[in-house]
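Open the model in your viewer and set it to a cartoon display. This tour goes through two helix pairs, one selection at a time.

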Amino acid sequence: MHADALEGLYYDGRSSRSHAVRVVREAGLLCVGGADVALRIPLDQCRLAPRLGGAARKLHLPDGASIELADSPRLDALLGAAPGRWLDRLESRWSLVAGALTAIAVICLAGYLWALPWGADVASRFVPESWQQALADSTLDTLDKAGFAASRLPPARQQQITRAFADWQQGTAHPPYRLLFRRNAMLGANAFALPGGNIVLLDGLVEDARGDEEILGVLAHELGHVAHRHVLRQLIQSSTIAVAAGIWFGDVSALATATSTLVSLRYSRGFEQEADTYAATLMLANGADPRRLGAFLQRLENADATAPDATDAGALAETYLSSHPLTRERMDYLARRAREAGLPPNP
Ligand SMILES: [Zn+2]
């Protein structure tokens, strides 16, 4: 009888019956003995399963057999000083597991960063126009019920803006769009694109603008989102994530959340860049200075930061900048386009 013998349960890998055994090590061999078990197995053919928090650990033997042993320092002592190859194999398996986990993380990240946006882009090209229109109509309907009020801008002023923006499209290829005027105290100075080419312009934005070039600049940016189908792509992406999360967590209500966040969609930097490129090109083509768009956004941002209710009600309000974050990069880009077009240093 060995003093360092360990007691365990042996499974032959074919039946679920367990056999009480004692396990000892003799040189490079693992000796397993019990009432109806007598084995001598080279240690380098045994593999201890990773520790998984339980009290028992599994020692895998050749041919699918295994032994369940209590996890204890004695188990480590029994196997720890085994020939180097055994340890090496265990360690290489661990690095294999770590490598596999890293690979899975990288694949998920790559999927999130590239495959998902790419898939959403492709998918958005196949969404029928009628579906987009239906989505736009129902979204607008929801928004109108949820607190959007009719614009208080005089009809003549609405027409003036609509016509000025239509004039900007003269002679250029542009996606079909429809400009809608609404008012909402919470969203204040805001404008956004909906699927199907609807662009909603809120009174607050018209009131805060210094000159129509600023308003048209924002509309040009929104039309850029329309032209690149950003809303639809973003929706497909966030819905995919929500559905995947829903399946994973068994909660399908996540899907409803995805569709209700239309207004607060935060565009990616790439989308913002594309919309700014579109806006700057359209502005320059119409003799407007892209820096006016930048200056307006900057002013809106400063107003946000100094608003007295910035901490309470302001935190709930979705400002234009929360869905179109203004970055140094965007300001620099708009300034560069103005410079390249030969506009004087100060707008
Ligand atoms: Zn934007």
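The stops below are in a predicted model, and each one deals with how two helices pack.

**Stop 1: α9 and α13.** Select residues 269-285, which form helix α9, and residues 328-340, which form helix α13. Their axes come within 10 Å and cross at roughly 25°. Angles under 35 degrees count as roughly parallel, so α9 and α13 are roughly parallel to each other. The crossing in which α9 passes α13 is right-handed.

**Stop 2: side chains between α9 and α13.** Which residues of α9 meet α13? Show Glu272, Asp276, Ala280 and Leu284 in α9. Then add their counterparts in α13, which are Arg330, Tyr333, Leu334 and Arg337. In this contact, four residues are nonpolar, four are charged and none is polar.

**Stop 3: α6 and α9.** Keep α9 selected and add helix α6, residues 212-227. The axes of α6 and α9 come within 7 Å and cross at roughly 125°. That angle makes α6 oblique to α9. The crossing of α6 and α9 is right-handed.

**Stop 4: side chains between α6 and α9.** On α6, show Gly217, Ala220, His221, Leu223, Gly224, His225 and Ala227. They meet Phe271, Glu274, Ala275, Asp276, Tyr278, Ala279, Leu282 and Met283 in α9. How do the residues of this contact divide? Nine are nonpolar, four are polar and two are charged.

**Last stop: Asp276.** Select Asp276 in α9. Asp276 is listed in the contact with α13, and also in the contact with α6.

Definitions and conventions
Residues are numbered from 1 along each chain as its sequence is written. This is a predicted model: local features need pLDDT of at least 70, side-chain atom pairs count only at pLDDT 80 or more; totals for chains, interfaces and linings use all residues. Axes are lines fitted to C-alpha atoms, for helices over the stretch in contact, and angles run from 0 to 180 degrees between N-to-C directions. Helices (H or I, at least four residues) and strands (E, at least two) are DSSP runs, numbered from the N terminus. Angles under 35 degrees count as roughly parallel, over 145 as roughly antiparallel, 65 to 115 as roughly perpendicular and the rest as oblique. A crossing is left-handed if the near helix is turned anticlockwise from the far one by less than a right angle, and right-handed if clockwise. Two residues are in contact if their C-beta atoms, placed from the backbone, lie within 7 Å. Ala, Val, Leu, Ile, Met, Phe, Trp, Tyr, Cys and Pro count as nonpolar, Asp, Glu, Lys and Arg as charged, and the others, Gly among them, as polar.
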